[in-house]
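Here is a quick tour of one protein chain, taken a piece at a time. Have the sequence and the 3D view open as you read.

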Amino acid sequence: DYDKPNSNANKSSNIKNKLVIGYIGRISEDKGIKRILEALSSDIILEPIHLLIAGDYNSDYGISLYNKYNINSGKHTIEWMGWLPHDSIENFYNKIDLALLISEWIENGPLTLYESFAYNCPVIINDTPNVKDYVIDNLMDLK
């Protein structure tokens with residue numbers, strides 16, 4: 001059983017007028033989080049972004065990412081929320097402008113994708129089978 005999102009919930013205002021991108025899920029090597037953090041530390045993304053990461057990072061891999069990217073990656077800010085209980089998922093989606101689903105493995109039915117749909121939240125995905133079949137490319141202009 002899954003709670004239906006509150007359609008009357010208001011999105012929080014962007015943090016210091018930054019685009020807020022969210023990742024929610026396992027903090028593991030196959031999920032592509034390190035690749036995103038490394039991209040943010042380079043100068044390829046010009047506008048400042050706030051990255052909200054939700055997931056248990058209490059592993060050697062998670063702790064190493066947290067220690068290296070505790071509050072920022074280059075000029076971009078990072079916020080680590082840790083593991084979220086089910087009743088806090090709506091709060092996460094209300095804080096972000098778009099979600100990341102960047103797994104480096106083929107995902108058959110990723111919960112993040114379905115949650116994003118339920119919260120009417122745009123998703124950035126990588127080009128993998130199954131996931132790309134559910135996403136309409138260029139559906140909305142984020143500028």
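A helix here is a DSSP run of at least four residues, and helices are numbered from the N terminus. Keep in mind that this is a predicted model.

**Salt bridges**

With that definition in hand, take helix H1, which covers residues 33-41. Glu-38 and Lys-34 both sit in H1, 4 residues apart, or about one turn of the helix. The two form a salt bridge, with their closest N and O atoms 4.0 Å apart. In general, side chains of opposite charge can pair when their charged atoms come close.

How many salt bridges does a search of the whole structure find? The count is 2. Besides the pair in H1, Arg-26 forms a salt bridge with Asp-30, and there the closest N and O atoms are 3.1 Å apart.

How covered are the four partners? The table lists them one by one.

| Residue | Relative accessible area | Class |
|---|---|---|
| Arg-26 | 49% | partly exposed |
| Asp-30 | 18% | buried |
| Lys-34 | 38% | partly exposed |
| Glu-38 | 37% | partly exposed |

Asp-30 counts as buried because its relative accessible area is 18% and the cut-off is under 20%.

**The sheet**

Now for the strands. There are 6 of them, and they form an open sheet in the order E3-E4-E2-E1-E5-E6, with mixed pairing. Which strands are at the edges? They are E3 and strand E6 (123-125), each of which pairs on one side only.

Strand E4 (residues 76-82) is a good place to look at side chains. In a regular strand the side chains alternate between the two faces of the sheet. Along E4, His-76, Ile-78, Trp-80 and Gly-82 point to one face and are buried. Thr-77, Glu-79 and Met-81 point to the other face and are not buried.

What does E4 pair with? On one hand there is strand E2 (residues 49-54), joined to E4 by 5 bridges, and these two run parallel. Ala-54 stands opposite Gly-82 in this part of the sheet. On the other hand there is E3, which runs antiparallel to E4 and is joined to it by 2 bridges. Asn-72 stands opposite Thr-77 of E4, and Ser-73 has His-76 as its bridge partner.

E3 and E4 also make a hairpin, with 2 residues between them. Gly-74 is in the turn and has a positive phi of about 65°.

**Ser-73 up close**

Ser-73 deserves a stop of its own. This residue is found in strand E3 (residues 72-73). Is Ser-73 buried or exposed? Ser-73 is buried, with a relative accessible area of just 1%. Leaving out residues up to four places away in sequence, Ser-73 touches Leu-37, Leu-40, Ser-41 and Ile-78. Ser-41 adds a polar link: its backbone nitrogen lies 3.1 Å from a polar atom of the Ser-73 side chain. Leu-37, Leu-40 and Ser-41 fall within the residue range of H1, while Ile-78 is one of the buried side chains of E4.

**A nonpolar patch**

Last stop, the surface. Leu-111, Tyr-114 and Phe-117 form a nonpolar patch there, with about 280 Å² of accessible area together. Tyr-114 lies in helix H4, which spans residues 111-118. With a relative accessible area of 34%, Tyr-114 is partly exposed, so it clears the patch cut-off of over 30%.

Definitions and conventions:
Residues are numbered from 1 along each chain as its sequence is written. This is a predicted model: local features need pLDDT of at least 70, side-chain atom pairs count only at pLDDT 80 or more; totals for chains, interfaces and linings use all residues. Side-chain values use heavy atoms; hydrogens and water are left out. Patches are made of residues with over 30% relative accessible area and no salt bridge: like charges are joined within 9 Å, nonpolar side chains (Val, Leu, Ile, Met, Phe, Trp, Tyr) within 5 Å. Accessible areas come from the Shrake-Rupley method with a 1.4 Å probe; for residues, only the protein chains shown count as cover. A salt bridge is a side-chain nitrogen of Lys or Arg within 4 Å of a carboxyl oxygen of Asp or Glu. Buried means under 20% relative accessible area, exposed over 50%, partly exposed in between (1.4 Å probe, protein chains only). A polar contact is a pair of N or O atoms within 3.5 Å; within protein, one must be able to donate a hydrogen and the other to accept it, and residues adjacent in sequence count only if both atoms are side-chain atoms. Contact means heavy atoms within 4.5 Å. Two strands pair if DSSP finds at least two bridges between them.
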